[in-house]
Amino acid sequence: MFPALILLILLLSIFPFLLSNFRVIFFPTEKVHLNYLKKNIHISDSDVIYDLGCGDGRVLKYLMSDSKARGVGIELSPILYLISKFRLRKFKNINIVLGDFLKADLEEASLAYCFLNKKILEKIIPKLRAELKPGAKIISYITETENLRQMSIIKDSTGQDLFFIYAI
Ligand SMILES: C[S@@+](CC[C@H](N)C(=O)[O-])C[C@H]1O[C@@H](n2cnc3c(N)ncnc32)[C@H](O)[C@@H]1O
């Protein structure tokens, strides 16, 4: 019974990727890099932060550990969704949603965090432009785009580009 349940969970986790034309495998933002991000962005209590493909939930957990802002993590993989949900269970201001961010309503996001490959980042940009309010920010880890207005780049101590900050 227990192995069958594990197998079912694994299959449910893999299926969305097999069905999607735009696959992004799970690869978490490095914790040491999140330190650079936290030091260099200001999060106000009125912010609503979306992590598009929240993986194991680490970005929201780290960025919002001492914040009253609201957070939403959207994750396609049921296993990662469950991990995020568990990990962030004590954060009443963070909601983890199982689903496809390409189909989600992103209107209330004041800051959208993306760690996506170039193909899917380009795919979601028209949706971000259409739904986010003027002044909203997009943070893209590692992946740069020419199709959004770049505000700044957060680099590590060696000068390597880490986070590209864009504005709508
Ligand atoms: C590179 S990982 C980044 C995880 C997390 N944001 C971080 O930085 O640690 C990308 C995540 O996006 C998820 N993902 C891929 N396509 C998705 C989609 N269309 N909707 C929701 N999540 C998706 C993957 O399952 C994976 O967990």
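**Figure 1. How much of the chain is buried, and how its elements are ordered.** Of the 168 residues in this chain, 43% count as buried. Keep in mind that this is a predicted model. You'll find 5 helices and 7 strands here, and if you start at the N terminus and walk along, the elements come in the order α-α-β-α-β-α-β-β-α-β-β-β. Contacts also reach a long way along the sequence: take those between residues at least 6 apart, and 60% of them join residues at least 24 apart.

**Figure 2. Helix H5, from end to end.** H5 covers residues 118-131, which makes 14 residues. From the first C-alpha to the last, the helix reaches 20 Å, close to the 20 Å expected at 1.5 Å a residue. Still, H5 has a bend of about 30°, and that bend sits at isoleucine 124. Look a little further along and you'll meet a proline, proline 126, which follows within four residues.

**Figure 3. The buried side of the story for H5.** Ile120, Leu121, Ile124, Ile125, Lys127 and Leu128 are the buried residues in this helix. Ile124, then, is both buried and the place where H5 bends. A bit of helix geometry helps when reading such a list: an α-helix has 3.6 residues a turn, so residues three or four places apart point the same way. What do the buried residues of H5 pack against? They pack against three strands: E1 (48-52), E4 (111-114) and E5 (137-141).

**Figure 4. The second largest pocket.** This pocket has a volume of about 180 Å³. It is lined by 13 residues, and the ones closest to its centre are Ile41, His42, Leu111, Lys137 and Ile165. Strands E5 and E6 (149-155) are the elements that each give two or more residues to the lining. Sorted by class, the lining comes out as 6 nonpolar, 5 polar and 2 charged residues.

**Figure 5. A closer look at serine 152.** Serine 152 is part of strand E6. Is this serine buried, exposed or partly exposed? Its relative accessibility is 33%, so serine 152 counts as partly exposed. Setting aside neighbours within four places in sequence, serine 152 touches Phe163, Phe164 and Ile165. Ile165 has turned up before, as one of the residues closest to the centre of the second largest pocket. As for tyrosine 166, serine 152 lies 14 residues away from it in sequence, and the two are 7.2 Å apart in space, C-alpha to C-alpha.

Technical notes
Residues numbered from 1 in each chain as written. Predicted model: local features only at pLDDT ≥ 70, side-chain atom pairs only at ≥ 80, totals over all residues. Heavy atoms only, no water. Expected span 1.5 Å × (residues − 1). Bend = angle between axes of the 7 residues up to and from the residue. Buried < 20%, exposed > 50% of the residue type's maximum accessible area, 1.4 Å probe, protein only. Contact = heavy atoms within 4.5 Å. 1 Å grid on protein atoms, 1.4 Å probe; cavity = no way out; pocket = protein on both sides within 12 Å on 5 of 7 lines; lining within 4 Å. Points joined across faces, edges and corners; volume = space filled by probe spheres on them. Nonpolar A, V, L, I, M, F, W, Y, C, P; charged D, E, K, R; others polar.
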